[in-house]
Amino acid sequence: MTERYVVAIDQGTTSTRCIVFDRRGQLVSLAQQEHKQYYPKPGWVEHDAAEIWRNVERLGPEALRRAGATIDQVAAVGIANQRETTVLWDRTTGQPVGHAVVWQDTRTDTMVSELDTAPGAEGVRHRSALPLATYFSGPRIRWMLDHHPGLQERAERGEVLFGTMETWLIWKLTGGLHVTDVTNASRTLLLDVHTLDWSSESLAFFGIPRAMLPEVRPSIGVFGTATAAFPGVRIGAALGDQQAALFGQTCFAPGEAKCTYGTGSFLLLNTGSELVRSTHGLLSTVAYQIKGEPAAYALEGSIAITGSLVQWFRDQLELITSAPEIETLARTVTDNGGCYIVPAFSGLYAPYWRSEARGVIVGLTSYITKGHLARAVLEASAWQTREVVDAMNADSGLALKTLRVDGGMTADNLLMQFIADVLDVPVVRPLAAETVSLGAAYGAGLAVGYWPDLEGLRQNWHRAAQWLPTMEAGKRETEYANWQRAVARTFDWIQA
């Protein structure tokens, strides 16, 4: 019998990948292409959505070629995507209106501050279960409508469409299907997370025309059939990248959690069919929805800067020439020498949500070497994880027992050990490292019957590495207190 496969399109912040998976959930082939990052002003981050689509068109056939597979061997395609990045495009021409505004972008800071105290703001927060913050798509749509003459009127007529990246890719793949999934829709401030549909009140609050919005669908279920890149293949799933990683880690039960360490880091805890509203600075979000079933929800701790801090250390300071070198450099010293780096480059996300904060390096003395700085860079990711886990434990009433991890930074053994030390729980990495892509593939395969059920997916999960805590409790709490003092120094840097 001819082998069949599932393909994942993993559209990330810095690159797009197409990955072919087999029935055991094992990676068969991968094709990847970076796209250009645009930084037109301080705090602004943009992508060219047309460039990203061209990459998908090329990468799909390339991934199949590398797998030695033909298009008729593909059972389904699933999409995982950078989430809050906002694309507007012309319905008729299919061309983007300007660049996409990326999730890291802070240009809406002043607008969000004004909206936060406006009449109706509390209703938006309640319906979306999110804080009003620059992180989310709604304010970006409003900004784009305000800064392109005539765009508001065209949007009201349905001539200009909005989507996050999965919506844009499905539109291009299918030749005009305008849909989103509940996970990405839940990151806009425009969705009512209980009805799982757009909120008329929230749309009115932002002045966003409903005519420009996509139809909201379950995450896992056939969206349509591709006519480009994968002609004739069904699109079976779309999930925001972090929800895809939760699904790929098979965290299907309430209380199971994962953290993905990439450009930023995102810790998600499955709370089941119950939406748990955070009182400790976390996000309540949709984890996934299988067609015909209730949605599963999650608590999320979003950390803006982790892997990108290593990139900054490499590209801006030029203290290393490749990201893996940071572990070698950090091992030249035994501790951070009293130095802490808080990377609030675009404000602080969970659990603080301080958009005015900016990064600091504290504790500098003449004793500090580049080795100490390298260690402080890595430790920043661990301490930020600790802050999120503390908040998650407080919100959920559960104590995290184990943290499943994935993403590029998990190759750094020193970092993984330090995370285990500061959390005082085991840290476990699965055999399948590409859990974001795998989650999208799992969803697509489930939708078309390639995999029978969730239990079948659990059987594919295997542990590759584990780190156990070794740090003495007194040292852990002393260091954590120092970190928190460093964080406090970042507040109120940008004055209104």
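This report walks through the overall build, two sheets, two helices and an aromatic cluster of one predicted protein model.

## Ground rules

Because the model is predicted, local features need pLDDT of at least 70 and side-chain atom pairs count only at pLDDT 80 or more, while totals for chains, interfaces and linings use all residues. Residues are numbered from 1 along each chain as its sequence is written, and side-chain values use heavy atoms, with hydrogens and water left out.

## The overall build

The protein has 16 helices and 23 strands; these are DSSP runs numbered from the N terminus, with helices being H or I of at least four residues and strands E of at least two. Its radius of gyration is 22 Å, close to the 23 Å that the globule rule gives for 496 residues, so the protein is as compact as a globular protein of that length. (That radius is taken over C-alpha atoms, and the rule is 2.2 Å times the number of residues to the power 0.38.) Along the principal axes, the C-alpha trace spans about 60 × 60 × 45 Å.

Of the 496 residues, 62% are buried. Buried here means under 20% relative accessible area, exposed means over 50%, and partly exposed is in between, using a 1.4 Å probe and protein chains only. Contacts count as heavy atoms within 4.5 Å, and among those between residues at least 6 apart in sequence, 72% join residues at least 24 apart. The accessible surface comes to about 18400 Å², with 51% of it belonging to carbon and sulfur atoms; the areas come from the Shrake-Rupley method with a 1.4 Å probe, and for residues only the protein chains shown count as cover.

## The seven-stranded sheet

One open sheet has seven strands in the order β17-β18-β16-β15-β21-β22-β23, with mixed pairing. Two strands pair if DSSP finds at least two bridges between them. The edges are β17 (283–288) and β23 (463–467), each pairing on one side only. From one strand to the next, the twist averages 30°; axes are lines fitted to C-alpha atoms, for helices over the stretch in contact, and angles run from 0 to 180 degrees between N-to-C directions. At the β23 end, β22 (residues 427–430) pairs with β23 in the antiparallel sense over four bridges, and Arg-429 stands opposite Ala-465.

Towards the other edge sits β18 (residues 296–303), with eight of its eight residues buried. In a regular strand the side chains alternate between the two faces of the sheet. Both faces of β18 are covered, with Ala-296, Ala-298, Glu-300 and Ser-302 on one side and Tyr-297, Leu-299, Gly-301 and Ile-303 on the other. Seven bridges join β18 to β16, antiparallel, and Leu-269 stands opposite Leu-299. With β17, β18 shares five bridges, again antiparallel, and there Thr-285 has Ala-298 as its bridge partner.

Ser-396, in helix α12, touches this region too: leaving aside its neighbours within four places in sequence, Ser-396 is in contact with Leu-269 and Leu-299. At 24% relative accessibility, Ser-396 counts as partly exposed.

## The six-stranded sheet and helix α9

A second open sheet runs β3-β2-β1-β5-β14-β13, also with mixed pairing. Its edge strands are β3 (27–34) and β13 (220–225), and neighbouring strands are turned by 25° against each other on average, direction ignored. Strands β1 (residues 5–11) and β5 (residues 74–81) pair in the parallel sense over seven bridges, with Ile-79 as the bridge partner of Ile-9.

Helix α9 lies across β5, β13 and β14 (234–240), at about 105° to β14. Eight of the eight residues of α9 (residues 241–248) are buried, so the helix is largely enclosed by the rest of the structure. Just after α9, Thr-250 takes a positive phi of about 55°.

## Helix α10

In helix α10 (residues 307–315), the buried residues are Gly-307, Ser-308, Leu-309, Val-310 and Phe-313. They pack against α11 (325–330), β19 (340–342) and α12 (370–396).

## Aromatic company

The model holds 20 aromatic pairs, where rings of Phe, Tyr and Trp (its six-membered ring) pair if their centres lie within 6.5 Å; planes under 30 degrees apart count as stacked, over 60 as edge-to-face and the rest as tilted. Trp-103 and Phe-266 make an edge-to-face pair, 5.8 Å centre to centre with 70° between the planes. The two sit 163 residues apart, Trp-103 in the loop between β7 (100–101) and α2 (109–116) and Phe-266 in β16 (residues 265–272). Both are buried, and they belong to one cluster with Tyr-135, Phe-136, Tyr-349 and Trp-353.
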